[in-house]
Amino acid sequence: MAREQVVFWQTQAPAKPAVGAPCNGCGLCCLAEPCPMGMLISRRCKGACAALRWDEEALHYRCGVLEDARRAASHSSAWRRGQGRLRLALARRWIVAGVGCDAYLWAEPVG
C-alpha cells in the first residue's frame, strides 16, 4: 500500500532520477527521510534530514555531512587530511554514495 507524504521541494531541483541511475541531487530521498547517517545528525528517523543543503548556484541538493567531510579532507594539515579522508570515506559509505538512486518515490505537485 502506497503511503503519501508531503515534502517541500525546491522548484528548481532536478527531477528524480530512475531507480539505479546516478544521483543528480534532486534531494527527494533526503526530504522524505534521513539515511542512517542523517538519523544520527537529525536525531530522527522520519521527515527531512537536517544535514540536507540546497545549493543555490548549482540548483541541486547536497548532503551536508558529505560536503563537510570533503572540506576536512582538503585541509592543509597532514594530520587533518588523514582524518578528513577517513571522514569522507565513512560519510560516503553511510550515505551509500556512488550506488545510484535507491528511492522508490515519485513526486507530484500539490495544489
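## A loop residue to start with

Arg43 sits in the loop that links α2 and β1. Although Arg43 is not a glycine, its phi is positive, at about 60 degrees. Arg43 counts as exposed because its relative accessible area is 77%, and the cut-off for that label is over 50%. Please keep in mind as you read on that this is a predicted model.

## The chain as a whole

Let us step back for the overall layout. The protein chain holds 4 helices and 2 strands. Read from the N terminus, these elements follow the order α-α-β-β-α-α.

The protein chain has 111 residues, and 28% of them count as buried. Its exposed area comes to about 8000 Å², with carbon and sulfur atoms supplying 57% of that area. Among contacts with a separation of 6 or more, 46% are between residues 24 or more positions apart.

## The strand pair

Strands β1 (residues 52-55) and β2 (residues 60-63) run antiparallel and are joined by 4 bridges. Two of the pairings can be followed residue by residue: Leu52 has Cys63 in β2 as its bridge partner, while Arg53 is partnered by Arg62 in β2. The two faces of β1 are easy to tell apart: Leu52 and Trp54 form the covered face, and Arg53 and Asp55 the uncovered one. Leu52 therefore belongs to the covered face of β1 by the accessibility terms used here.

The hairpin of β1 and β2 has 4 residues between the strands. Leu59 lies in this loop between β1 and β2, and it is another residue worth a look for its backbone. Its phi is positive, at about 55 degrees, although Leu59 is not a glycine. Leu59 counts as partly exposed because its relative accessibility is 34%, which falls between the cut-offs of 20% and 50%.

## Two nonpolar cores

Now for the interior. The largest nonpolar core is made of 9 residues: Met37, Cys49, Ala51, Cys63, Val65, Leu66, Ala69, Leu88 and Ala91. Helices α3 (64-73) and α4 each supply at least two residues of this core. It is α3 that makes the largest contribution, with 3 residues. Cys63, the bridge partner of Leu52 in β2, is also listed in this core.

A second core, separate from the one above, has 5 residues, including Ala13, Leu31, Leu52 and Tyr61. Leu52 thus appears here as a core residue as well as on the covered face of β1, by the definition of a core as a set of buried residues.

## Helix α2: one residue buried, one exposed

Helix α2 offers a nice contrast. Leu40 is found in α2, and it counts as exposed because its relative accessibility is 56%. Ser42 is in helix α2 too, but Ser42 counts as buried because its relative accessibility is 11%, and the buried label applies under 20%.

What does Ser42 touch, leaving out residues up to four places away in sequence? Its contacts are Pro34, Ala48, Cys49, Ala50 and Ala51. Of these, Cys49 and Ala51 are also members of the largest nonpolar core.

## A nonpolar patch on the surface

Leu40 returns on the outside of the model. Together with Ile41, Leu86, Leu90 and Trp94, Leu40 makes a nonpolar surface patch of about 490 Å². The elements giving two or more residues to the patch are α2 (36-42) and α4 (78-94). Of the elements involved, α4 gives the most, with 3 residues.

## Arg92 and its surroundings

Helix α4 also carries Arg92. Arg92 counts as partly exposed because its relative accessibility is 34%. Leaving aside neighbours within four places in sequence, Arg92 is in contact with Leu66, Arg70, Ala97 and Gly98. One of these, Leu66, is a member of the largest nonpolar core.

How far apart in space, C-alpha to C-alpha, are Arg92 and Cys63? The distance is 9.8 Å, while in sequence the two are 29 residues apart. Cys63 itself is part of the largest nonpolar core.

Terms used: Residues are numbered from 1 along each chain as its sequence is written. This is a predicted model: local features need pLDDT of at least 70, side-chain atom pairs count only at pLDDT 80 or more; totals for chains, interfaces and linings use all residues. Side-chain values use heavy atoms; hydrogens and water are left out. Patches are made of residues with over 30% relative accessible area and no salt bridge: like charges are joined within 9 Å, nonpolar side chains (Val, Leu, Ile, Met, Phe, Trp, Tyr) within 5 Å. Accessible areas come from the Shrake-Rupley method with a 1.4 Å probe; for residues, only the protein chains shown count as cover. A salt bridge is a side-chain nitrogen of Lys or Arg within 4 Å of a carboxyl oxygen of Asp or Glu. Buried means under 20% relative accessible area, exposed over 50%, partly exposed in between (1.4 Å probe, protein chains only). A nonpolar core is a set of buried Ala, Val, Leu, Ile, Met, Phe, Trp, Tyr and Cys residues joined through side-chain atoms within 4.5 Å. Contact means heavy atoms within 4.5 Å. Two strands pair if DSSP finds at least two bridges between them.
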